[in-house]
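Biologist: I have a model open on my screen and I'd like to learn how to read it. Could we go through it feature by feature?

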Protein chains: 4
Amino acid sequence: MNLSIPPTMATTSLFVLSRYDALQQFRTVRQDSENLCKPLKIEDYVIQTNPQASPAKWHLAHVTWFYETFILTVFSQNYREFHPRFRYLFNSYYEQIGEFFPRPQRGWLSRPTVEEIYRYRAYVDEQMVQLIESANEKDWVNINARLVIGLHHEQQHQELLLTDIKYNLAVNPLRPAYREDLPTTPCRTAPKLNWLEYSGGLESIGYDGEDFAYDNESPRHQVYVPPFRLASRLVTNGEYLEFIAAGGYEHPALWLSDGWSTLQQGSWQTPLYWEKIDGQWWQMTLGGMRPLIVDEPVCHVSYYEADAFSTWKNKRLPTETEWEIAARDLPRRGNLRDSGFLQPIVAEENHELLQMYGDVWEWTQSPYIPYPGYRPQPGALGEYNGKFMCNQLVLRGGSCVTPANHIRPTYRNFFYPHERWQFKGFRLAEDL
Amino acid sequence: MNLSIPPTMATTSLFVLSRYDALQQFRTVRQDSENLCKPLKIEDYVIQTNPQASPAKWHLAHVTWFYETFILTVFSQNYREFHPRFRYLFNSYYEQIGEFFPRPQRGWLSRPTVEEIYRYRAYVDEQMVQLIESANEKDWVNINARLVIGLHHEQQHQELLLTDIKYNLAVNPLRPAYREDLPTTPCRTAPKLNWLEYSGGLESIGYDGEDFAYDNESPRHQVYVPPFRLASRLVTNGEYLEFIAAGGYEHPALWLSDGWSTLQQGSWQTPLYWEKIDGQWWQMTLGGMRPLIVDEPVCHVSYYEADAFSTWKNKRLPTETEWEIAARDLPRRGNLRDSGFLQPIVAEENHELLQMYGDVWEWTQSPYIPYPGYRPQPGALGEYNGKFMCNQLVLRGGSCVTPANHIRPTYRNFFYPHERWQFKGFRLAEDL
Amino acid sequence: MNLSIPPTMATTSLFVLSRYDALQQFRTVRQDSENLCKPLKIEDYVIQTNPQASPAKWHLAHVTWFYETFILTVFSQNYREFHPRFRYLFNSYYEQIGEFFPRPQRGWLSRPTVEEIYRYRAYVDEQMVQLIESANEKDWVNINARLVIGLHHEQQHQELLLTDIKYNLAVNPLRPAYREDLPTTPCRTAPKLNWLEYSGGLESIGYDGEDFAYDNESPRHQVYVPPFRLASRLVTNGEYLEFIAAGGYEHPALWLSDGWSTLQQGSWQTPLYWEKIDGQWWQMTLGGMRPLIVDEPVCHVSYYEADAFSTWKNKRLPTETEWEIAARDLPRRGNLRDSGFLQPIVAEENHELLQMYGDVWEWTQSPYIPYPGYRPQPGALGEYNGKFMCNQLVLRGGSCVTPANHIRPTYRNFFYPHERWQFKGFRLAEDL
Amino acid sequence: MNLSIPPTMATTSLFVLSRYDALQQFRTVRQDSENLCKPLKIEDYVIQTNPQASPAKWHLAHVTWFYETFILTVFSQNYREFHPRFRYLFNSYYEQIGEFFPRPQRGWLSRPTVEEIYRYRAYVDEQMVQLIESANEKDWVNINARLVIGLHHEQQHQELLLTDIKYNLAVNPLRPAYREDLPTTPCRTAPKLNWLEYSGGLESIGYDGEDFAYDNESPRHQVYVPPFRLASRLVTNGEYLEFIAAGGYEHPALWLSDGWSTLQQGSWQTPLYWEKIDGQWWQMTLGGMRPLIVDEPVCHVSYYEADAFSTWKNKRLPTETEWEIAARDLPRRGNLRDSGFLQPIVAEENHELLQMYGDVWEWTQSPYIPYPGYRPQPGALGEYNGKFMCNQLVLRGGSCVTPANHIRPTYRNFFYPHERWQFKGFRLAEDL
């Protein structure tokens, strides 16, 4: 296997970590994944209730396979793969690495067991630590570049792990909680919605710093932006209830054509995870079933729903450029995973522009396409971002299950417009 | 819930067990189910890899729900259901009991956990023992009738448990064994195939004894049977290989029209579980991957394959009447579950007519329809057999995973013609 | 192409027609097909609105292809096929003749045009007449055997032509009539339903005469029949309305398991072609939309509906043996195609046992399987009947669109239990 | 019905035609549609062989319904609809007008007949002429605005009519020609490919003139464009054959992820309509089957294929902005419908930048999204363009079946990335 990946593959990072820092970060990220699984029963690791989601044990193994494939088998002399079939079982979509087990059937695998997967993790961890400590200097530069991708990759899967667990527990008629001990939203009223003005003009967006960023955030480039206004906070459940009450799900004129078909096929009448029980709205959370809080941001909506709501309000969604311009000078803080809620919370009046980071990934109206001058690199890691640049839309800002050190103003997340199982919401914009 | 089921519901048993015998049998059957699961990992209990199959933990809970629903909630005063939602989760298909969780999604349920299901079993067992010991005499007659059905029902699910586990492990690219310690087939050559003659005439088939039998085995009735010949043993893998080599899977003229479509849609080229590895035929068994033994009976074939093979041989499959006439005076012995192989084995020359019981369920050419005079009983237990009397075919004789005390000459099993995951094979017949 | 078909292929006819009679019959049947199409617009010949149905022009061409393939290319020296691709386009399902155009796409073909197909018919007719007149005596015996099949085959397609035209016009929101000039049902009340008793015993059924019959009606054989009662007439729309009013389509306990699934998937609430308009029941007929006549036989019901109604009435459907025993001595008369209604009509009190021939094909509870001793012949014509002997049920007696000279007491028609677009109804039976 | 559509609905036209000019244009466009259908047989008008395509008679009726619905029923006093159900049958997708007949079933309708549809056209034409001549001045301004949309709408359907006819004839195994008398491509070699440089900068695109343009071409707005190079001509069949020969359809690394899935599901190995017969490449054209001309532009490719080819060449597709900048000063000439080829032809060396108009719609890499400041108008005509602004991509320049007076530099056509049945090709671009 000749991966022939240039060291800076799929990233623009120019900075090489010290071995000490690398070990620290590696251990932290690896431990985080396992900590997130602590509340799970063995049975919870196994199931897949949606072809887009994956079993928890698959996530744990796949992120491990990533280090094994892209680092250990390349740089570690005499490395023995833990198991010859894991390459087949735990490759997600890297066509250049070879065939892979079909995604919708990941829930068919009772073996390897959870225990075996933890042994796989321990084995790879040990080999990785050894390699980090002992690699020669020339290799280290390359290993470092791939390691940093591997860690960000694992953090992305930590977020997916939580969204997939939520989905798996929500389809169970018993509606079990992932954790019974999660805090609830602070008891307060959502701040009044204000409209912040931006003058636009010829702006630059995209990453060009020296820290890590994905290749899809580059090159930094100029964009002409007409003046615009941005809502000071996210749309709330209460505002969304008004949309529903006004017949939002019944008027095709509010919807994109593909959205209206999707709504009809899925018999959508609310965001995902909402249930009306005895006249009262509830929603499934990682903490189990809870009454719907009207002041919390609306969450688990598709692009189609965000767009229809905006049309109904005579507004629109922001572009990713508008979002980035507004966000770039804000402190990178918010209700991210580290705050421990694992659920969007009511906004707190602490800035002019609220909730830009955390709570929910914000739908933008920007299709996920390459920035001018972007070119995916050759080799298997080039499949990381570029091959998805069609039919998806950009989301910005991270959510309540995104690790705090994983987000930045230039970060481009992307999903298909009909998908709802991630923590997604939106804020409004308008032309000035 | 008023089940209003007459005591002899779905059965023709007239015999009332002593409480002592009832307890013995109850304990044995209940223990058997749990023993069969001993080799499983927790993960193995959870998955469902086929909409027709069920997770092991679902089987364990469903058979328990049967006693709870049809006995405890009816006869046990102040009985408290173990969990209010289990009625919904573990009802299989009894429309009259209420809504049930969709069958193809049984693998979506990580909860209740395996441990909780064992607690559910223990709870119901305890309540059942108490009821058996303490019910008044009048109730006892009725409880006994339902208990006997419940035990036979659980035995049927023990067979399904093994076939479903086999399927689940076989689709896993690791091909794990259910048990590494299973014996292999005795090393011998299949006996020469003889043709046994039967003169036919006006015969009677069906059950009219005093032991337990399902309602679909009655009434005993007259059938006119032309003279016929029956093959002395089952068709072997070796004979089936000749069919394959002769292009059996390529000539539509050999196949029923629906069979040919099924073959093409499924890209069938062999029985289920066969794999050619480096020029050698292997088959997946409950003991893991094993080289194909040519003298063993062919197994895991659909009705369409059995019929096509027969056409190719210029023979036909027997009718269920022919099978019953030939079997009724034979000793009820064979390679059933109790022999411990859990796999069909090479026939032994010990009778004129071999392998009638055990090894594989034998496809007959008889559609599964009611016997003249059959009428399903009112009430939910009436759904047990009658509502399936369309589109399926009768199989006879039990298999290597059927409990030895569960089979009898009049027993009618039934499956759709395309289904292959049960242990099914066939013997040939011809007109005289 | 070597068809190697023995002359008596797929038939038991022993009788050889005179050439004069053959020509007469050939011309009559050929003309009948074209007469049936006279009310059609060119556009009506083209469409296919159901994968089971075929365009009218396809029927006209396919029956012609049958003579071309099985007679002209075999017996007519130097015969030139009308068009080299018609063999591919107009073969229905004879795998042994070669590949054929996919059935569900027959409505994709605007060419050959209707005019070309009439030219194809004229060409084949001319060649056939020549061959009939000039074939040597030895060939004539064989040609005769195939010709007779060809004529019955064309008559079967005449029936399908009408049922398919009805379906095509019924799905059109304009509900156009096939013929505006069709007579309506005689104005009378349905006779009282009586129960006729039959003593049963060892009976013989099946064909063994010297006229034409299909191979599936043979061999004549013995069957033991318990005594039974048969309803004197068909179930009426009025009786069926009572079933609907009693919640027949809402109680799963009345339905076969596969029937209940089919009903739910298809959202069935009535027979096919019924519509409630402004509180009044209407039905689509070949004469256009008409108010539902309660005394007419119910028509366009599936086996599942016939079975559920019978269960609700605490009766059952007759077996095909019972039907044949009751019908064999009746005059072969009824509301067949020649009576010109093209719609079932209210029964007339003229026998003890009414409506056995014509009006609707009567569902029996008998699966369509081979009679004892039946063996399909080798060669392509052997695909005519035998390969469908699985998953279908026998219907008896012909319908209002069956040619009067095409029906006989031993005639076995067969369809899948869910199919409704043929003219199908039922009568009740019960054990004595 | 209150359509409440402002007069300039879905257009930016400010210019009001004289009644004389309006009548001229109306008659020309209406006659063009009927002329295009002259080569058709009645049968060709009826069929639908693809859920995306429509029968010719549906196109003829739908464009007529447009005038009836948006003009006659609004402005013509006492107007009587030609047929009360045509509103249901011939509405394409205007949800605000009411329910419509399902698109995939348009081929189910044998009625109304072709003749009736021509009568419908004549009726509406007569009423329209009368209204144009007699409307009062105030109405005329509004009628004019809608009439102009109606005419452009009909021209769009003329293009679809030809692409759908091509598809319908191509799936027919007889491969009939639409017209036997079509000219073939001029016999010449494709010009050498040159790279033209553009300096980019802050540019303006979009329509702001006084003639007709669709609403989606506005507002004219500023875009920052990095410098770029554009290929002087379209990619040819010969160049595409090299891509195929190099394994283009076998290497997933060249493809977008969704493209690779689409290719696998459709078993794509070439553009649509290519066939290899006896080692020679042929393609289906409106003139029937013709040998593939290597110097002609490649046609009937999806976005995925255009993108994969570009990746293989280490180039990219142009953005719609780049295309418009390059095209805006060129003469609006090319191989459009009026040139009579109805097939892309070999480029002629007559400019620096060739084939920008006509031959094939050119895929751009730009998703079809609203221009900044775009807002779809309220009312049913607002559904014309805006509701499709998701999941589709922009194509520019018109094709060999686009009317010459229907194209302009700002024209935005849009299709889903997998669609191939339109006349679509591409040219390459690269960063400078």
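Modeller: We'll talk through salt bridges, burial, an interface and symmetry, in that order. Keep in mind that this is a predicted model.

Biologist: Let's start with charges. How many salt bridges are there over all chains?

Modeller: You look for a side-chain nitrogen of Lys or Arg within 4 Å of a carboxyl oxygen of Asp or Glu. Counted over all chains, that gives 96 salt bridges.

Biologist: Can you show me one? What does the side chain of A:Lys315 meet in a salt bridge?

Modeller: Its partner is A:Glu430, with 2.8 Å from N to O. This pair links distant parts of the chain, 115 residues apart: A:Lys315 sits in the loop between α8 (303-312) and α9 (320-327) of chain A, and A:Glu430 in strand β14 (residues 429-431) of chain A.

Biologist: Is A:Glu430 buried or exposed?

Modeller: Buried means under 20% relative accessible area. A:Glu430 has 14%, so the label is buried.

Biologist: And in chain C, which residues do C:Arg316 and C:Asp431 tie together, or rather, where do they lie?

Modeller: First the bond: the side chains of C:Arg316 and C:Asp431 form a salt bridge at 3.0 Å, N to O. C:Arg316 lies in the loop between α8 (303-312) and α9 (320-327) of chain C, while C:Asp431 is in strand β14 (residues 429-431) of chain C, so the pair ties together parts that are 115 residues apart in sequence.

Biologist: What about burial there? Why does C:Arg316 count as buried?

Modeller: C:Arg316 counts as buried because its relative accessibility is 14%. C:Asp431, with a relative accessible area of 28%, is partly exposed.

Biologist: Which residues do salt bridges with shared partners join into one network?

Modeller: In chain A, that network takes in A:Arg30, A:Glu34, A:Arg121, A:Asp125 and A:Glu154. Over in chain C, have a look at C:Glu154 and C:Arg121, whose side chains meet in a salt bridge of 3.1 Å, N to O. C:Glu154 belongs to helix α5 (residues 137-170) of chain C and C:Arg121 to helix α4 (residues 114-134) of chain C, 33 residues apart. Both C:Glu154 and C:Arg121 are buried.

Biologist: Now something without a charge. Where is D:Asn50?

Modeller: Find the loop between α1 (19-37) and α2 (56-75) of chain D, and you'll see D:Asn50 there. D:Asn50 has a relative accessible area of 13%, so this one is buried too. The D:Asn50 side chain reaches the backbone nitrogen of D:Gln52 at 2.8 Å.

Biologist: On to the interfaces. How many residues of chain B are in contact with chain A?

Modeller: For an interface, ask who touches whom, how much area is buried, and what kinds of residue are there. In this case 30 residues of chain B are in contact with 30 residues of chain A. Together, chain B and chain A bury about 2500 Å², with 65% of it on carbon and sulfur atoms. On the chain B side, B:Glu43, B:Trp108 and B:Arg111 lose the most area to chain A, together 29% of what that side buries.

Biologist: What polar links cross the interface of chain B and chain A?

Modeller: There are eight residue pairs in polar contact across it. The rule also finds two salt bridges across that interface. A:Asp44 and B:Arg111 meet in a salt bridge, at 2.6 Å from N to O. As for the elements, α3 (86-90), α4 (114-134) and α5 (137-170) of chain B each give two or more residues to the side that touches chain A. By class, that side of chain B has 16 nonpolar, eight polar and six charged residues.

Biologist: Last one: symmetry. What rotation superposes chain B on chain A?

Modeller: The trick is to read the turn together with the shift along its axis. Here a rotation of 180° with 0.0 Å of shift does the job, with an RMSD of 0.0 Å. The two copies are therefore related as by a two-fold rotation axis. B:Glu43 has the C-alpha nearest the axis in chain B, 3.0 Å from it. The same surface serves both copies, as 100% of the contact residues of chain B recur in chain A.

Biologist: And how far apart are the closest C-alpha atoms of chain A and chain C?

Modeller: They lie 15 Å apart, and no contact joins chain A and chain C.

Notes:
Residues numbered from 1 in each chain as written. Chains lettered and ligands numbered in written order. Predicted model: local features only at pLDDT ≥ 70, side-chain atom pairs only at ≥ 80, totals over all residues. Heavy atoms only, no water. Helix = DSSP H or I, 4+ residues; strand = E, 2+ residues; numbered from the N terminus. Buried < 20%, exposed > 50% of the residue type's maximum accessible area, 1.4 Å probe, protein only. Polar contact = N/O pair within 3.5 Å; in protein donor to acceptor, adjacent residues only side chain to side chain. Contact = heavy atoms within 4.5 Å. Buried area = accessible area lost by both parts, 1.4 Å probe. Nonpolar A, V, L, I, M, F, W, Y, C, P; charged D, E, K, R; others polar. Least-squares fit on C-alpha atoms with pLDDT ≥ 70 in both.
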